[in-house]
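Good morning. I have a few minutes on one protein chain, and I would like you to keep the structure in view while I talk.

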Amino acid sequence: MRTITHMDFHSRPGPGSLSGWAGHGHGQVSVASARTPAGESILRFHEQGEFTPEGADDRGMPFHNVYRWTFLGDRLALHHERRGADEAVWLFDLVADARHEGLISASPHPCGEDSYRACLTAGEHGFELEWIITGPVKNEHLYYRYEGTRAS
């Protein structure tokens, strides 16, 4: 994960979604490492790029995110630092599951009445992270591909 330099994603709403968030994005990722006071390893993904809504004739909107990945032995905790590092929003812990090749969210993240789940799968040059968001407001599928610089 330390070698990640860029990401691509696409989103599509399912039936009944009130957000209608459909489109694709791409951006650069800057990775910073740190340690928690308890000594766990942390990676912060500083993401910056452009999201183009479906049907927008390639008129993209800039985005910026900071995700914090904390390695906790048997699990990987994911936080979104949209309110800063001291007020990071815990999303979920990703754990191994015998039915999947990668990691899955140990329990869903509640956001209002909606529920966020994810699955992380390692690849040759990075990883993929699929989000499934369901509930009365959202019915979304997000697919992220994070990659690092490939050796020539």
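I will go through salt bridges, then a pocket, then some strand pairing.

First, a caution: this is a predicted model, so please read every value in that light, given that local features here need a pLDDT of at least 70.

Let me start with charges. Side chains of opposite charge can pair when their charged atoms come close. How many salt bridges does a search of the whole structure find? The count is 6. I will show you some of them.

Take Glu-81 and Arg-68. They form a salt bridge, and their closest N and O atoms are 3.1 Å apart. This pair links distant parts of the chain, with the two positions 13 residues apart in numbering: Glu-81 is in the loop between β5 (75-80) and β6 (89-96), while Arg-68 belongs to strand β4, residues 61-71. Are these two residues buried or exposed? Glu-81 has a relative accessible area of 9%, and because the limit for buried is under 20%, Glu-81 counts as buried. Arg-68, with a relative accessible area of 13%, is buried as well.

Now move to Arg-75. Which residue does Arg-75 meet at an N to O distance of 3.6 Å? That partner is Asp-74, and the contact is a salt bridge between their side chains. Asp-74 is exposed, with a relative accessible area of 61%. Arg-75 counts as partly exposed, at 33% relative accessibility.

Arg-75 also forms a salt bridge with Asp-93, and here the closest N and O atoms are 2.6 Å apart. This pair too links distant parts of the chain: Arg-75 sits in strand β5 and Asp-93 in strand β6, 18 residues apart. Asp-93 counts as buried, at 13% relative accessibility. As for networks, salt bridges that share partners join Arg-44, Arg-68 and Glu-81 into one.

Next, the pocket. The largest pocket has a volume of about 450 Å³. It is lined by 21 residues, and those closest to its centre are Trp-21, Tyr-67, Tyr-116, Leu-142 and Tyr-144. Several elements give two or more residues to this lining, namely β4, β8 (109-111), β10 (126-134) and β11 (139-148). Which element gives the largest share of the lining? That is β4, with 5 residues. Sorted by class, the lining has 14 nonpolar, 4 polar and 3 charged residues.

Last, the strands. Please find β9, residues 114-122. Strand β9 runs antiparallel to β10, and 8 bridges join the two. A hairpin connects β9 to β10 through 3 residues. Within this pairing, Tyr-116 stands opposite Ile-133 in β10. You have met Tyr-116 already, as one of the residues closest to the centre of the largest pocket.

On to the next pair. Strands β10 and β11 are also antiparallel, joined by 9 bridges. Ile-133 appears again here, standing opposite Glu-140 in β11. The hairpin of β10 and β11 has 4 residues between the strands, and in it Gly-135 takes a positive phi near 155°.

That is the end of my list. Thank you.

Methods: Residues are numbered from 1 along each chain as its sequence is written. This is a predicted model: local features need pLDDT of at least 70, side-chain atom pairs count only at pLDDT 80 or more; totals for chains, interfaces and linings use all residues. Side-chain values use heavy atoms; hydrogens and water are left out. A salt bridge is a side-chain nitrogen of Lys or Arg within 4 Å of a carboxyl oxygen of Asp or Glu. Buried means under 20% relative accessible area, exposed over 50%, partly exposed in between (1.4 Å probe, protein chains only). On a 1 Å grid over the protein atoms alone, a cavity is a set of points where a 1.4 Å probe fits but cannot get out, and a pocket is an open set with protein on both sides within 12 Å along at least five of seven lines; lining residues have an atom within 4 Å of a point. Grid points are joined across faces, edges and corners, and a volume is the space filled by probe spheres set on the points. Ala, Val, Leu, Ile, Met, Phe, Trp, Tyr, Cys and Pro count as nonpolar, Asp, Glu, Lys and Arg as charged, and the others, Gly among them, as polar. Two strands pair if DSSP finds at least two bridges between them.
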